[in-house]
Each structure stands twice: as C-alpha cells, then as structure tokens.
Amino acid sequence: MGNAMRFLYGSCCKPKTQEDSADSYGHHHHDVPTTTTVVGVSALAHDLLNYEHTCQVPEGLSQYVASSKKAQAKWYGKLLQAWKEAQLPPRTRKQASRFVIQALNEYQKTDVEGLLRFYGLPIPRKRAEIPGEEVCPATWPEGVQFELHTFPVDPKAVGDGDGLTVYVDATDPREAPNVPRAVQLAVLRRAKARASRDYTTADALQQNIADADYRVFNGSNNEDILAKKYRIRLRGIDAPEMQMPYGKEAKEELTKLLQGQCLTIGVYGEDQFGRLVGDVHCNGKFVQKTMLRKGLAWHYEMYDKRPELKKWEKQARDARVGLWASPNPQKPWEWRKNNRRE
C-alpha cells in the first residue's frame, strides 16, 4: 500500500510531514505509510524532514543496505545538510540520484546504490558516472513555455518521423498539483485490488487511469509509479508521412535516436490535435537537427523560421542524403492536402 502512495508526496519538492501528506489529499492516516518507503524526489525530501524532527531513518531501508542503523543515520545527516545548502534542491529523479551520490561519495558503493534502489532512483553503471541532466540550451529559444523531463522512451511510442508519446513522472512539481483526485483514488484502489489478487478490478482501474491520460508503471523495486502521458510533435520539422517515400526510414531513425532515452523537451504550446509542440533534446543532441541533417525531414518554415533549421536542411540537400536523393521529393504538407483523411 505504501508503494501506491509514492506519487502523492510529489505536490512539491519541499519536505512535508506525514500528516500534511495525508490530509492534503483527504485520506485517513491508516492509508499513509507511518514510515516512508516511497519513491522519488518528494519521498527523499519527506524522509529528510522526518529525520530532522525525529533522528529516525526510514523503516525498510535495512532491506536494501548492509550498514547499521547508526551508519544510516550519518547518511541522512549528511543528506539533510547538503539539501539545506543546495541553491536548488533536486527536482527530477536524475538530479536526486546525482545529489545522493555527491553527498555520500565517501561511503561504500553498495550502500549508496542500495539507498538509490530504496527510492527508485537511477543507478549509474560506473561509480564515476554520475547521472546528469540531458544537455539542452542554457536558455531556450523565445516562445518556450516550460520544460518536460520524461521517462525512458518506449520504441513503440514513436509514431512517425516527427511525433511520439512520452510519460512524465507525476511527482514532478509541475505535474503533482494537477493529478485529478479520481486518478489518485484509482491508483490507491488498484493497489488494494492487486494486493488482494482481485486482478479484474485492478485491470478495470488501470483502464480508468489510462483513459485520464495517466499510466502506472512497475518500478525496479516493484513499486507503483504514476506517470502523465503527453503526445509530442517536434517543432520546426515535417517528416515524410508513413505512406510516403522515406516515411518508414524517418520513423526508424527517430526510434533509434530516442528509444530507452530520457528526454528534455522545451514546450512552445499545443497544436490543433492536442499534441505539445516542442524542441526535443536527447543525450546532448538536438533531435530536430539530426533529422534535418540526415535528410529525413523538411524544415517546416511555415511554422518555424529559425535560420539554423533552414541551414541544416540545406546541408542535407547539398549532400543529397535521405529524401534529397530523389530528384523532386514531395513536401509532406502537400501530400496531406491531396490525401486528406475521411
């Protein structure tokens, strides 16, 4: 049951008391874990505040680490001090992972990794590999309204060469205040149904959650992680439709770039189909740039007049790569005009 509550602590990254966490959603105290084994940034913040008030470390942590309770208390003391000294406390799971590793760099690798597993935070493959945020501009272009930081992209979520579906952690400070109460309750009831092996009810509740554009993922520690679904349209480019020459190649390239990766997306707004229009960055790459330079998309100048996009398209044209290998490739917007859906 505690796992199902994890996302409820994410209304902000500021630590809350257990009573505040329960009452803010109108749940009885028996629905809230008396010691938090919850996941993510807000859970870590919750535990640090609890440690400051009680000098107690979370129950259940010893299942993940070998060190004594006394040693665990030292970790939380260092984490609490580092949290207070941080100019900007961590907001995303990657930032929280980096925060823990840097604050506890003098301790054994197995203990630090156990602590990360306890909170469901990403674990680097190498000790020196401290998780960082995806590289994106120091300042976004004019018009960007907000950022999204996504979970790893499922290859099946890439629809074509310029569109995909992503999921964002519902504990993110921007997301948490907007989680509908009906979704919160459905997550809790689904956890209860699964615990009692009532899978018919659990599946029905999962569908209710999906209908509201949310999804419950199963985390590495078998915890429930609530995520918000967004459909994304890459701004400034227009890839060939799937029925057009190079449509399949464009989708394959975008899938290869994004699958399994966490993205940073600068969102400009919403299009007529309800998709968020944005700049997508992945592993230090500006995805629109890659698609243009590989000749797998047109510069959509009608909606985005940035000169660098035009330059990258011209480079592909001059090199005759991708769709520019054809003598007279058809523009996707003209193809759609002539092949309107019923």
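Here are some worked exercises on the predicted model shown above.

This is a predicted model, in which local features need pLDDT of at least 70 and side-chain atom pairs count only at pLDDT 80 or more, while totals for chains, interfaces and linings use all residues. Residues are numbered from 1 along each chain as its sequence is written, and side-chain values use heavy atoms, with hydrogens and water left out.

**Exercise 1: the whole chain**

Find how many helices and strands the chain has, and what share of its residues is buried.

*Solution.* Start with the secondary structure: it comes to 11 helices and 10 strands. Helices (H or I, at least four residues) and strands (E, at least two) are DSSP runs, numbered from the N terminus. Next, take burial: buried residues make up 50% of the 342 residues in the chain. Buried means under 20% relative accessible area, exposed means over 50%, and partly exposed is in between (1.4 Å probe, protein chains only). Last, look at contacts, meaning heavy atoms within 4.5 Å. Among contacts between residues at least 6 apart in sequence, 68% join residues at least 24 apart.

**Exercise 2: strand S5 and its partners**

Work out which strands pair with S5, and in which sense each of them runs.

*Solution.* A quick reminder: two strands pair if DSSP finds at least two bridges between them.

- Step one is S3 (residues 163-169), which runs antiparallel to S5 with seven bridges. Thr165 has Arg231 of S5 as its bridge partner, and Val168 has Lys228 of S5.
- Step two is S4 (residues 214-218), also antiparallel to S5, this time with five bridges. Here Asn218 stands opposite Asp224 in S5.
- Step three is S8, which runs parallel to S5 over three bridges. Arg233 has Val277 of S8 as its bridge partner.

Now check the burial of S5 (residues 224-234): nine of its 11 residues are buried, so S5 is largely enclosed by the rest of the structure.

**Exercise 3: both sides of S3**

Are the faces of S3 covered or uncovered?

*Solution.* Begin with the count: seven of the seven residues of S3 are buried. Then recall that in a regular strand the side chains alternate between the two faces of the sheet. On one side of S3 sit Gly163, Thr165, Tyr167 and Asp169, on the other Leu164, Val166 and Val168, and all are buried, which leaves both faces covered. S3 also pairs with S2 (residues 158-160) in the antiparallel sense over two bridges. Val158 has Leu164 in S3 as its bridge partner, and a hairpin joins S2 to S3 through two residues.

**Exercise 4: two helices that meet**

At what angle do H2 and H3 pack, and which residues meet there?

*Solution.* First, the geometry: H2 (residues 41-54) and H3 (residues 69-85) pack at about 110 degrees, with their axes 10 Å apart. Axes are lines fitted to C-alpha atoms, for helices over the stretch in contact, and angles run from 0 to 180 degrees between N-to-C directions. That angle makes H2 roughly perpendicular to H3. (Angles under 35 degrees count as roughly parallel, over 145 as roughly antiparallel, 65 to 115 as roughly perpendicular and the rest as oblique.) Second, the residues: H2 brings Val41, Leu44, Ala45, Asp47, Leu48, Tyr51 and Glu52, and these meet Ala73, Tyr76, Gly77, Leu79, Leu80, Trp83 and Lys84 in H3.

**Exercise 5: the cysteines**

How many disulfides does the structure hold?

*Solution.* A disulfide here is a pair of cysteine sulfur atoms within 2.5 Å. The structure holds zero of them. Cys262 is in no disulfide, as its nearest cysteine sulfur, that of Cys282, is 8.7 Å away. Cys262 is buried at 18% relative accessible area, and Cys282 is buried too, at 3%.

**Exercise 6: Leu323 and Tyr246**

How far apart are Leu323 and Tyr246 in sequence and in space?

*Solution.* Place each residue first. Leu323 lies in the loop between H10 (307-319) and H11 (332-338), and Tyr246 in the loop between S6 (237-238) and H8 (247-258). They are 77 residues apart in sequence and 6.1 Å apart in space, C-alpha to C-alpha. Leu323 is buried, at 3%, whereas Tyr246 is partly exposed, at 26%. Tyr246 also has a positive phi of about 75 degrees although it is not a glycine. Leaving out residues up to four places away in sequence, Leu323 touches Pro240, Tyr246, Gly295, Leu296, Ala297, Trp298 and Pro329.
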